[in-house]
Amino acid sequence: MWDTLWTDVHLATMAPSHITRSDPYGCIKNGAIAAQDGKIVWVGSAADLPDLPQNLARQVHHMGHQWATPGLVDAHTHLVYAGDRSNEFARRLEGTSYQQIAREGGGINATVSATRAASEEALLELAIKRAKRMIAGGTTTIEVKSGYGLTLHDELKLLRVGRALEKHLPIRVHTTFLGAHALPPEYSGRQDAYVTALIEDMLPRVAEEKLADSVDAFCESIAFSPQEVERIFEAATKLNLPVRIHADQMSDSNSCALAARFRALSADHVEYANETGVKAMATAGTVAMLLPGAFYFIRETKLPPIDLFRMHKVPMGLATDCNPGTSPVLDMTTILNMACTLMRLTPAEALHGATSVGAQALNMHSEIGFLREGYSADITFWPVSGPHELSYWIGGVTPSTRVFKGQTD
């Protein structure tokens, strides 16, 4: 017998085999879905079940015509940090730019100081609290970056905390080494020396201890140049670590094309991406990770080139970008709404961005992101009229039930 069977449910499978021009969600109305040993083993119309539900599974749940989607995937977060930067929010409202705050020692380096001072145990406690909020919103997989330590000791500490979340919570974690997030204050005026230390000291240890699933870099005028990021990516590639990039957020540095050259999993933010970079991403299979929380919070006015991404068939992912300075967001359905209202994504594009495309950005699209036989039984049930409603409510929608690897929370 199957472990669990859910019936009386409508399914937004997000699976290509079910998607049509008139149905971009791959819906199965009046459906059923079954799990065994943490995997989905049956998906289809309830009318096609091979026997009565009670004869098929040890547990049968009747879901009252709710909608089921794959568990949400939050593929860009800075979840592990200490400290508070609400004062910077107030300063920006008074007219000070994000770049000016960073140059004065605020911004990322303010969080670096607080995070370095925090113990590993304290950071884990803080991260667990935030991750629980994400779980309550229907998220089953998160990416967690380092980048608030910027020393070998502290970056390893952050990555260990990211890994530890899976031991404490029903959540899947992809950890990313973001040593190239900002220039630490002790390297002021010696950026080349820091990049060298990152490549020669930090990256090899991260790889040796198997603490990261990918490597990220912030390519921007207030962070690292394309040439410096190229050096970092070459070193990461030699260590067989996939790369991703904070790209073209505040200016056009042609970093989307750089990402494509290294077949990056994703290029993130991308407000100033040019068409050459978009075409290169399409060829490389690099996801455009849109982060509407940051776009909203820093009052950006330059929209990502959504029409270019559509034209060249670049997959568009969505994530919270949860961080203390520019995107204090934990709920993915809030991000769906922001993506639709601010960036004019369709509700279907938004939900794909938070499921199937998010999975692709983490190189997990053969395991998660779809309601499909053989995939992990990560399922979120929603009391909504249809999957489009997940993008409708300002402030998000709360799921009724969340299933992770076949187990109900």
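1. A good place to start is the annotation. The UniProt record, an unreviewed entry, lists Arg85, Tyr148, His181, Gln249 and Thr326 under "binding site". In this predicted model, the lining of the largest cavity takes in Arg85, Tyr148, His181, Gln249 and Thr326 from that set. I would look at two of these residues in turn, Arg85 and Gln249.

2. Arginine 85 sits in the loop that runs between strand E5 (72-74) and helix H2 (86-93). Its relative accessibility is 4%, so arginine 85 counts as buried, the cut-off being under 20%. Beyond its neighbours within four places in sequence, arginine 85 touches Tyr98, Gly107, Ile108, Ala110, Thr111, Tyr148, Pro324 and Gly325. One of these partners, Tyr148, is itself listed by UniProt under "binding site".

3. Glutamine 249 is likewise a loop residue, placed between strand E9 (245-247) and helix H9 (255-261). With a relative accessibility of 6%, glutamine 249 is also counted as buried. Once neighbours within four places in sequence are set aside, the contacts of glutamine 249 are Phe218, Glu220, His269, Glu271, Tyr272, Ile298 and Glu300.

4. Next, please have a look at a pair of helices. The axes of helix H7 (residues 191-208) and helix H8 (residues 226-238) come within 10 Å of each other and cross at roughly 10 degrees. Angles under 35 degrees count as roughly parallel, and therefore H7 is roughly parallel to H8.

5. The residues behind this helix contact are worth displaying. From H7 come Gln191, Asp192, Val195, Thr196, Leu198, Ile199 and Leu203, and they meet Glu228, Arg231, Ile232, Ala235 and Ala236 of H8. By type, the residues of the contact of H7 with H8 divide into seven nonpolar, two polar and three charged.

6. My last stop is threonine 176, which belongs to strand E7 (residues 172-180). How buried or exposed is threonine 176? Its relative accessible area is 0%, so threonine 176 is buried.

7. Threonine 176 also links parts of the chain that are apart in sequence: lysine 145 is 31 residues away along the chain, yet the C-alpha to C-alpha distance between the two is 4.6 Å. Lysine 145 is among the contacts of threonine 176 outside four places in sequence, together with Glu143, Val144, Ser146, Leu159, Ser214, Val215, Asp216 and Arg244.

Technical notes:
Residues numbered from 1 in each chain as written. Predicted model: local features only at pLDDT ≥ 70, side-chain atom pairs only at ≥ 80, totals over all residues. Heavy atoms only, no water. UniProt positions renumbered as here; feature names shortened; annotations may be inferred. 1 Å grid on protein atoms, 1.4 Å probe; cavity = no way out; pocket = protein on both sides within 12 Å on 5 of 7 lines; lining within 4 Å. Helix = DSSP H or I, 4+ residues; strand = E, 2+ residues; numbered from the N terminus. Buried < 20%, exposed > 50% of the residue type's maximum accessible area, 1.4 Å probe, protein only. Contact = heavy atoms within 4.5 Å. Axes fitted to C-alpha atoms, helices over the stretch in contact; angles between N-to-C directions. Parallel < 35°, antiparallel > 145°, perpendicular 65-115°, else oblique. Nonpolar A, V, L, I, M, F, W, Y, C, P; charged D, E, K, R; others polar.
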